[in-house]
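Reader: I would like a close look at one strand and its surroundings, starting from a single residue and working outward to the neighbouring strands and then the whole chain. Please take your time over it, and give the reasoning where there is some to give.

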Amino acid sequence: MDEKDFLFFRGSTPTLELVLPLAVGWEDVVCLTMSQNGRTVVEYAMNGSANPRGSGTFTRDESQANLLLLTMSEADTLALEAGDVELQLRLKNSVGSDSFQPLTGRVGPILREGVLA
């Protein structure tokens, strides 16, 4: 994999573990954006709003305050095209706001399109 930070396939339901250099409080606002070709495809939010809203789950780990867990739905991964994808986190807490350097990942293709019944 040519120096990508993560890989998942269209139509899958991956869980990405995002380790941050700081603790995330339960009340903190965190937004995660996934974009391709310069446009936002799906967003997730903790204590905030996302547009377009992902249908997966985005939470802080119960035991590790610096670990965020993103479980994407099949529909969310199907919304992405096969190819490169950028993921960026933004956080707002009682101290201030921060944007993290985007991660670049790869979305792998599938041979059978659509949600499995």
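Author: A residue is called buried when its relative accessible area is under 20%, and exposed when that area is over 50%. The model is a predicted one, and with that cut-off in hand a good place to begin is Gln36, which has a relative accessible area of 4% and is therefore buried. Gln36 lies in strand S3, which covers residues 29-36, and its side chain reaches the backbone oxygen of Glu81 at a distance of 2.8 Å. Leaving aside residues up to four places away in sequence, Gln36 touches Val41, Leu80, Glu81, Gly83, Asp84, Val85 and Val107, so Glu81, whose backbone oxygen the side chain reaches, is also one of the residues on the list of contacts.

The strand that holds Gln36 is itself mostly covered, since six of the eight residues of S3 are buried. Two other strands pair with S3. Strand S7, residues 83-92, runs antiparallel to S3 and is joined to it by seven bridges, and in this pairing Val29 of S3 has Lys92 of S7 as its bridge partner. Strand S4, residues 39-46, also runs antiparallel to S3 and is joined to it by seven bridges, with Cys31 standing opposite Ala45 of S4. S3 and S4 form a hairpin that has two residues between the strands, and within that hairpin Asn37 takes a positive phi near 55°.

From here the view can move to another buried strand residue, Gly108, which is part of strand S9, residues 103-108. With a relative accessibility of 5%, Gly108 falls below the cut-off and so counts as buried. Its contacts, again without residues up to four places away in sequence, are Leu7, Phe8, Phe9, Arg10 and Ala82. Ala82 deserves a second mention, as the C-alpha atoms of Gly108 and Ala82 are separated by 5.2 Å although the two residues lie 26 residues apart along the chain.

Phe8, one of the residues that Gly108 touches, leads on to the aromatic rings. A search of the whole structure finds one aromatic pair. That pair is made by Phe6 and Phe8, and because the ring centres are 6.0 Å apart and the planes meet at 10°, the pair is stacked. Both partners can be placed by accessibility as well: Phe6, at 9% relative accessibility, counts as buried, and Phe8, at 3%, counts as buried too.

A further pairing of strands involves S2, S5 and S6. Strand S5, residues 57-60, has a covered face with Phe58 and Arg60 and an uncovered face with Thr57 and Thr59. The background to this pattern is that in a regular strand the side chains alternate between the two faces of the sheet. On the covered face, the charged end of Arg60 sits over the ring of Trp26, at 3.9 Å from the centre of that ring. S5 is joined by four bridges to strand S6, residues 67-71, and the two run antiparallel, forming a hairpin with six residues between them. Thr59 stands opposite Leu69 in S6, while Thr57 has Thr71 of S6 as its bridge partner. Strand S2, residues 15-19, also runs antiparallel to S6, to which it is joined by five bridges, and the bridge partner of Val19 there is Leu67. Four of the five residues of S6 are buried, which means that S6 is largely enclosed by the rest of the structure.

These parts can finally be set against the whole chain, which has one helix and nine strands, in the order β-β-β-β-β-β-α-β-β-β from the N terminus on. Of the 117 residues in the chain, 41% are buried. Along its principal axes the C-alpha trace spans about 45 × 30 × 25 Å. A compact globule of 117 residues would have a radius of gyration near 13 Å, and because the chain has 14 Å, the two agree. Among contacts between residues at least 6 apart in sequence, 59% join residues at least 24 apart.

Notes
Residues are numbered from 1 along each chain as its sequence is written. This is a predicted model: local features need pLDDT of at least 70, side-chain atom pairs count only at pLDDT 80 or more; totals for chains, interfaces and linings use all residues. Side-chain values use heavy atoms; hydrogens and water are left out. Buried means under 20% relative accessible area, exposed over 50%, partly exposed in between (1.4 Å probe, protein chains only). A polar contact is a pair of N or O atoms within 3.5 Å; within protein, one must be able to donate a hydrogen and the other to accept it, and residues adjacent in sequence count only if both atoms are side-chain atoms. Contact means heavy atoms within 4.5 Å. Two strands pair if DSSP finds at least two bridges between them. Rings of Phe, Tyr and Trp (its six-membered ring) pair if their centres lie within 6.5 Å; planes under 30 degrees apart count as stacked, over 60 as edge-to-face and the rest as tilted. A charge sits over a ring if NZ of Lys or CZ of Arg is within 6 Å of the ring centre and within 35 degrees of the ring normal. The radius of gyration is taken over C-alpha atoms; the globule rule is 2.2 Å times the number of residues to the power 0.38.
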